[in-house]
Amino acid sequence: MTTPRLSALHIYPVKSLRAVHMQEAVVEPWGLAGDRRWMLVGAGTDTALTQREHPRLTLLAALPVGGGGLRLTAPGQPPLTVEPPAAGPLRTVRLFSRALDVLPAGAEADAWFSGFLGVPVRLVHLDDPAVRRPIDRDYALPGETVSLADGFPLLVTTTGSLEALNELIAAGDRAEEGPLPMNRFRPNAVIDGTAPWAEDGWRRVRIGQVSFRVPKPCARCVVTTTDQDTGARGKEPLRTLGRHRRVGSGLLFGQNLIPEHPGTLRVGDPLTTLE
């Protein structure tokens with residue numbers, strides 16, 4: 001039997017921008033190092049902007065540079081390097097209706113993003129992930145926190161389940177939209193070598209030398225219908241997930257992870273189920 005292995009690692013330095021592909025990544029208590037420590041908020045609302053409302057965000061890239069900074073690129077825009085803001089007055093913003101305190105990145109970055117999107121936005125930085133944003137207490141141990149990810153430190157998907165989903169799409173009435181690539185689901189970790197939907201039964205896993213709790217499956221949203229190369233939208237995979245992977249109000253694909261301790265993940269690491 002094939003040993004399941006980590007086949008891909010991704011971080012998203014700015015929430016809802018393009019993925020950065022990694023060969024190895026440090027696991028911190030709140031997520032992979034450099035993952036979703038920045039995000040955009042509306043200049044008038046201070047509410048998080050994501051691909052849900054602005055699918056063109058996928059055309060923007062943010063590459064990590066030394067010291068926690070970013071190198072920003074976008075079609076038709078001059079590149080811009082942004083450094084983490086120095087300690088200063090915090091700004092209260094909202095992410096999925098919850099308030100949290102962040103540091104503003106500054107006017108130059110705000111103008112760069114606003115010019116591309118055509119609406120006034122601000123770039124903000126999560127300066128202290130150890131204290132700013134607790135994980136939902138229904139799933140967390142005391143003191144556990146998360147970066148600016150949707151809800152949990154990491155998201156894992158499996159190629160076996162993607163292949164099964166693509167077979168279902170091919171058999172449906174939107175077959176022309178498939179097969180879908182894994183980047184539609186914006187995972188941090190991708191596992192090869194499992195049976196389809198094997199992750200439904202995971203409760204604790206070890207990837208390499210790092211163990212994780214598996215608190216709940218990931219309910220998917222309209223972002224999965226967004227082509228991550230062009231920003232164009234379709235109907236899949238939500239139509240097929242709605243027919244075959246609906247549990248309550250959730251359309252499920254992938255599992256959320258909470259690290260049990262720090263460590264390093266490397267592409268090729270084996271996955272072991274612990275419970």
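How many helices and strands are there in the chain? There are three helices and 21 strands, where helices (H or I, at least four residues) and strands (E, at least two) are DSSP runs numbered from the N terminus. Keep in mind that this is a predicted model, in which local features need pLDDT of at least 70 and side-chain atom pairs count only at pLDDT 80 or more, while totals for chains, interfaces and linings use all residues. Residues are numbered from 1 along each chain as its sequence is written, and side-chain values use heavy atoms, with hydrogens and water left out.

Let's start with the overall build. The radius of gyration is 18 Å, close to the 19 Å that the globule rule gives for 275 residues, so the chain is as compact as a globular protein of that length. (That radius is taken over C-alpha atoms, and the globule rule is 2.2 Å times the number of residues to the power 0.38.) Along its principal axes, the C-alpha trace spans about 55 × 40 × 35 Å. Buried residues make up 49% of the 275; here buried means under 20% relative accessible area, exposed means over 50%, and partly exposed is in between, using a 1.4 Å probe and protein chains only.

Now for the strands. Strands of a sheet pair through backbone hydrogen bonds, either parallel or antiparallel. For a pair to count, DSSP has to find at least two bridges between the strands. One open sheet has three strands in the order β4-β3-β20, with antiparallel pairing. Its edge strands, β4 (31–32) and β20 (263–266), each pair on one side only. Where β3 (residues 24–28) meets β4, there are two bridges, and E28 stands opposite G31.

Strand β14 (residues 189–192) is worth a look too. With β1 (residues 5–11) it pairs in the antiparallel sense over four bridges, while three bridges join it to β13 (residues 154–158) in parallel. To get from β13 to β14, the chain passes through helix α2 (residues 159–170), and this β-α-β crossover is right-handed. In other words, with the strands pointing away from the viewer, the path from the first strand over the helix to the second runs clockwise.

For a hairpin, find β10 and β11, which have two residues between them. F96 in the turn has a positive phi of about 55 degrees. Five bridges join β10 (residues 91–95) to β11 (residues 98–104), and V93 has L100 as its bridge partner.

Next comes helix α1 (residues 107–117), whose buried residues include W112, F113 and F116. The buried residues of α1 pack against β5 (38–42), β8 (69–74), β9 (77–82) and β12 (121–125). Right after α1 sits G118, with a positive phi near 80 degrees.

What about charges? Side chains of opposite charge can pair when their charged atoms come close. The structure holds 14 salt bridges, each a side-chain nitrogen of Lys or Arg within 4 Å of a carboxyl oxygen of Asp or Glu. In one of them, D46 pairs with R91, the closest N and O atoms being 3.0 Å apart. This pair links distant parts of the chain, 45 residues apart: D46 is in the loop between β5 and β6 (48–49), and R91 is in strand β10. D46 counts as buried at 14% relative accessibility, whereas R91 is partly exposed at 28%. There is also a network of salt bridges linking K15, R52 and D150.

Terms used:
Contact = heavy atoms within 4.5 Å.
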